[in-house]
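Q: Got a minute for this one? I'd like to go through it piece by piece.

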Amino acid sequence: MGWIFSQFGEQLGRGSGIGELMDDLGHALAVGGDEVCMLGGGQPAHLPELDAVWRRRCQTLLDDPERFKAVVGNYEPPLGNQSFRESVAALLKRRYGWDLSFKNVAVTAGGQTALFFLFNALAGPSVGAVPRKVLLPLVPEYIGYANQSVSGSLFRSVRPQLELIGDHQFKYRVDFEAIEVDDTLGAICVSRPTNPTGNVLTDLEVDHLHEVASTAGVPLIIDQAYGSPFPDVVFREIKPRWDEQMILTLSLSKLGLPGTRTAVVIARPDIIEAMGSMNSIVGLANSNLGQAIVKPLLDNGEVCQLTSQVIRPFYQQKSEFAQKCVREVFNNDLPYRIHLSEGAFFLWMWFDGLPIHSQELYRRLKERKVLVVPGQHFFFGLNDAVKDDTENTTQSYPERQSIWKHQEECIRVSFAMPDEVIQRGIEIIGEEIQRAYQSGPVW
Ligand SMILES: Cc1ncc(COP(=O)(O)O)c(C=O)c1O
């Protein structure tokens, strides 16, 4: 007989739609070998310049027996190594003039853990108050948030406005008129740049969200997993912003160190203290390695050189290459639009009026060894959202029209892979899109 799981166990221990999808992608990759075009994951590219820096830093640590002994052999305090926290605060102060000290910095086991702590601390049921939600002012938004609640549904999302640009591009804009502020609001969160779309909210949008958050008396969380100052995969000028109304999450992952599981939260001291408390309860302390590898690069500014001279140019060139492949393959014959590629690692492709569900497109592409992520997974928290069970596409086409069709017409394509993989993948996507439009609806 099975043991009975708690609400926590049910919500976190029984898998999730995206967990299954990631398994599916991993399995397809394992059996498909070299022929597979892996355009589905969020894995950063292995850049030789960066790998050399990490090797050099590890060698330096190994060559310093006392330091090495401390890094692998000591528990650090739950908030992270104090001198690493000081280095993060000093870098942000030098670069942006923000008034910060180590008391504004907490280390966590990756941005994923930071957001899990923040969401569940700021939203959900609370003593003497109505249950609160995290407002996602613009979906599609990072799928990694979707199942992070320990206490029922946690998100309230808002459909964006779509700005059509030329024949083949578009950009999502926050629909401020659709945002409702009431006492169920616990926090507002955006990823900037956004995974999956490559959108970078404008400074004006951030200022406006800041105003909404201040009026409601809740924090504005900006997830900068791809943002400034590292890894700074941002292809347009923006002015990063922080003050005590805001919480930022930064991560070493997209800098090329996802295996170190290291991120930082920038916030006012009471939130930082809460992060330390949660770190100690859930995991005692953080991994020391990422902090030890990166600290000198924060102090001497090398991290900013790496981002501006290696990382950003690499991904920008990849983005341009992927867009060129799309233009050549689709050649004005097929209805497609790409979201403006303003940052992160992904092209977000929208096929207006696509006669098949994006899940079916995903299946057909997988059969041809091209792995992408079907778009519907990124639209969670909408009242009229498609059911979590995205495999169930048995409703007839007209019935499904009541659902916001747009969310079933998009795919996310990573451009972090080698050029030949991107090119082959996009050619096959083009063939399958052509086939879909020619053969008509399949539901
Ligand atoms: C937008 C966004 N936020 C947070 C994360 C979490 O990353 P990590 O836990 O590796 O820092 C990711 C990972 O892909 C992401 O894309």
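Q: What distance separates the centres of domain 1 and domain 2?

A: The centres are 24 Å apart, taken over C-alpha atoms. Keep in mind that this is a predicted model.

Q: Where do the two domains run in the sequence?

A: Domain 1 takes in 7-48 and 305-439. Domain 2 covers 75-304.

Q: And how many residues does each domain put into the contact?

A: Domain 1 gives 42 residues and domain 2 gives 45.

Q: Which elements on the domain 1 side give two or more residues?

A: Those are α1 (7-13), α10 (302-330), β12 and β13 (346-350). The largest share comes from α10, with 9 residues.

Q: How does that side divide into nonpolar, polar and charged?

A: On the side of domain 1 that touches domain 2, 23 residues are nonpolar, 15 are polar and 4 are charged.

Q: Switching to the sheet. What is the strand order in the open sheet of 6 strands?

A: The order is β6-β7-β12-β13-β16-β15. The pairing is mixed.

Q: Which strands stand at the edges?

A: β6 (161-165) and β15 (373-374) do. Each has a single partner strand, so one side of each is left without a neighbour in the sheet.

Q: Do β7 and β12 run parallel or antiparallel, and how many bridges join them?

A: They run parallel, joined by 2 bridges. β7 spans residues 169-173 and β12 spans residues 337-339.

Q: What stands opposite phenylalanine 170?

A: Histidine 339, in β12.

Q: On to the ligand. Which residues come nearest?

A: Gly110, Gly111, Gln112, Ser251 and Ser253, out of 14 residues around the ligand.

Q: Which helix gives the most to that shell?

A: Helix α6 (residues 110-122), with 3 residues.

Q: How many of the shell residues are polar, and how many charged?

A: The shell has 9 polar residues and 1 charged. Another 4 are nonpolar.

Q: Now the whole chain. How many helices and strands?

A: The protein has 13 helices and 16 strands.

Q: What is the radius of gyration, and what would a compact globule have?

A: The protein has 22 Å. A compact globule with 443 residues would be near 22 Å, so the two agree. The C-alpha atoms fill a box of roughly 65 × 55 × 55 Å along the principal axes.

Q: How much of the protein is buried?

A: Buried residues make up 44% of the 443.

Q: Last one: of the contacts between residues at least 6 apart in sequence, what share joins residues at least 24 apart?

A: That share is 76%.

Note on methods. Residues numbered from 1 in each chain as written. Predicted model: local features only at pLDDT ≥ 70, side-chain atom pairs only at ≥ 80, totals over all residues. Pairing = 2+ DSSP bridges. Helix = DSSP H or I, 4+ residues; strand = E, 2+ residues; numbered from the N terminus. Rg over C-alpha atoms; globule rule 2.2 N^0.38 Å. Buried ≥ 20, exposed ≤ 12 C-beta atoms within 10 Å, placed from the backbone. Contact = placed C-beta atoms within 7 Å. Near = placed C-beta within 6 Å. Nonpolar A, V, L, I, M, F, W, Y, C, P; charged D, E, K, R; others polar. Domains from an automatic or database assignment.
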